[in-house]
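Here are some short exercises to work through with the structure open beside you. Try each task before reading its solution.

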Amino acid sequence: MVIDKIRKENDCCMETIGLIGCGEMGSGIAYSLKNKGYEVMVYDYINNKNVDLLMKNNIKFVDMQKLTQNCKIIIMCLSDAKAVEDVCFGEYGLLNMLSTKSILIDTTTSHPKTTQKINKCLKNKKIKFADAPLTRSPIEAMQGRLNSLVGADDETYKEIEPVLKAFCENIIRVGEVGSGHEIKLLNNFICMSFTAIVEFGLLCGKELDIDIKTLDKVMSMGSNYVSSIPSMLDYIENKNQDVLKFSLKNATKDMRYFFEMIEDNESKKWFEPIYNLYRDATEDNKNKDKNLPALYEYLKDNENNKKEG
C-alpha cells in the first residue's frame, strides 16, 4: 500500500493529527494526511455523509476529549465562523480541552473577529494558533493540492508547515495570526465580483446576439482576461455542472464577512450591491445548495420575469 511504502521510506510512524469537521474539504484533508503517512483522528461536528468513506480508509472517529488528548496538532475545517465559535466556545469546549503543547489550525474561511477572539483566548493560555484558510476545491483536497494562506508566528509556522504540506501544493505565509483570513476574504471578494460581472456580461452578450465565443477570443488577447470566462462558456454551451464548483451560499457568506471586515470604509457603498446580488440569489429557493453558475440562471430568470411582467 502507498501508506506502508511512505512509512517504510520515512522509517518511522508519523504523529497523529486531529481534524474537526469532515465535509467535502475536511474529508479530502483527512484522506491526504492518511496517504502521507499520518495517523488521523476526526471529530465529526455535524454527522457528515463522508464518514463511511473515511472509515474505509482506517481513519478513526473519536469524541472531542479523546481527540485533544491524543493529538498535538488539531485542524478545524468547518462551514463558517458560527461553527468555529460553537466548537471553540460552545458546548464542545475545545479551547478548554487544549494543553500548552497543543497547536490549533483553523482552515475554515472564518470571520476575522472570530479569529482574533480565539487568538486572544489561546494567547492567554500560551497555546499556539494559526489561521490557514484554503483555496481550490474538494478535488484538490483529495489530491493533496490545496493552497494555504497562513497567518502565524515564526515558531508556530515552522511546526505546522510539514503537516500543511501533506494536503497543500502551495503554502503562503501571509503574516501574523489573523492575516490569513483577511487576505482570503479579500481574495474571495475580488474573485466573486469578477464572476458576477462575467456572468452578467455573458448574459448581455447572448441578449445582444453577440457570439460569446468570439468575445472570449477577443478578451483572451487582452491584459484583463478573467479565467472564469471559459468556465462559464462551458456551462452556457454544454450545461457542464462541474465548472466553478463553489457554492452560492459560501460566496454570499464570504462577501458578508468581507464587508463586515471593512465596515469603516466609506467607499464600500459602491460595491455592496454585488453582495446584495449574491444574497438575493442565494435566498431564492431554486438556488439552494447550487454553485456559482446558478447566478447566471438567476439573472436570466429575473430578466425573463421582467419582460413577461
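**Exercise 1. Find out whether Met76 is buried or exposed, and which residues it is in contact with.**

Step 1. Met76 has a relative accessible area of 0%. Buried means under 20% relative accessible area, exposed over 50%, and partly exposed in between, using a 1.4 Å probe and protein chains only. Met76 is therefore buried.

Step 2. Place Met76 in its element: strand β4, residues 73-76. Helices (H or I, at least four residues) and strands (E, at least two) are DSSP runs, numbered from the N terminus.

Step 3. Look for contacts, meaning heavy atoms within 4.5 Å. With neighbours within four places in sequence left aside, the partners of Met76 include Ile20, Val84, Val87, Leu104 and Ile118.

Before going on, a word on what you are looking at. This is a predicted model, where local features need pLDDT of at least 70, side-chain atom pairs count only at pLDDT 80 or more, and totals for chains, interfaces and linings use all residues. Residues are numbered from 1 along each chain as its sequence is written, and side-chain values use heavy atoms, with hydrogens and water left out.

**Exercise 2. Work out how confident the predictor is along the chain.**

Step 1. The score to use is pLDDT, the predictor's confidence in each residue, from 0 to 100. Its average over the chain is 92, and 94% of the residues score at least 70.

Step 2. Now turn to residues 1-12, where the pLDDT is below 50. Beyond near neighbours in sequence, this stretch has 11 contacts in the model.

**Exercise 3. Locate His181 and list its contacts.**

Step 1. His181 belongs to helix α10, which spans residues 179-207.

Step 2. Its relative accessibility is 0%, so His181 counts as buried.

Step 3. Apart from neighbours within four places in sequence, His181 touches Asp106, Thr108, Thr109, Ser110, Thr115, Asp131 and Pro133.

**Exercise 4. Look for a nonpolar patch on the surface.**

Step 1. Patches are made of residues with over 30% relative accessible area and no salt bridge; like charges are joined within 9 Å, and nonpolar side chains (Val, Leu, Ile, Met, Phe, Trp, Tyr) within 5 Å.

Step 2. Leu186, Ile190, Phe194 and Ile197 form such a patch. Together they have about 360 Å² of accessible area, a value from the Shrake-Rupley method with a 1.4 Å probe, where for residues only the protein chains shown count as cover.

Step 3. Take Ile190 as an example: this residue lies in helix α10 and is partly exposed, at 39% relative accessible area.

**Exercise 5. Explain why the buried residues of helix α12 are on the same side.**

Step 1. List the buried residues of α12 (residues 228-238): Ser228, Ile229, Met232, Leu233, Tyr235 and Ile236.

Step 2. They cover an arc of only 165° around the axis, so they are on the same side of α12. The arc is that of the directions from the helix axis to the C-beta atoms.

Step 3. Ask what covers them: α10, α11 (212-220) and α15 (294-308) are included in the cover.

Step 4. Just past the end of α12, Lys239 has a positive phi of about 55°.

**Exercise 6. Trace the salt bridges of helix α5 (residues 81-89).**

Step 1. A salt bridge is a side-chain nitrogen of Lys or Arg within 4 Å of a carboxyl oxygen of Asp or Glu. The structure holds 20 of these salt bridges.

Step 2. Lys82 pairs with Asp86, and their closest N and O atoms are 3.1 Å apart. The two are 4 residues apart in α5, which means about one helical turn separates them. Lys82 is exposed at 57% relative accessible area, whereas Asp86 is partly exposed at 25%.

Step 3. Lys117 and Glu85 also form a salt bridge, 3.1 Å from N to O. Because Lys117 lies in helix α7 (residues 112-125) and Glu85 in α5, this pair ties together parts that are 32 residues apart in sequence.

**Exercise 7. Find where Lys126 sits and what its phi is.**

Step 1. Lys126 is in the loop between α7 and β6 (128-131).

Step 2. Although Lys126 is not a glycine, its phi is positive, about 60°.

Step 3. With 68% relative accessibility, Lys126 counts as exposed.
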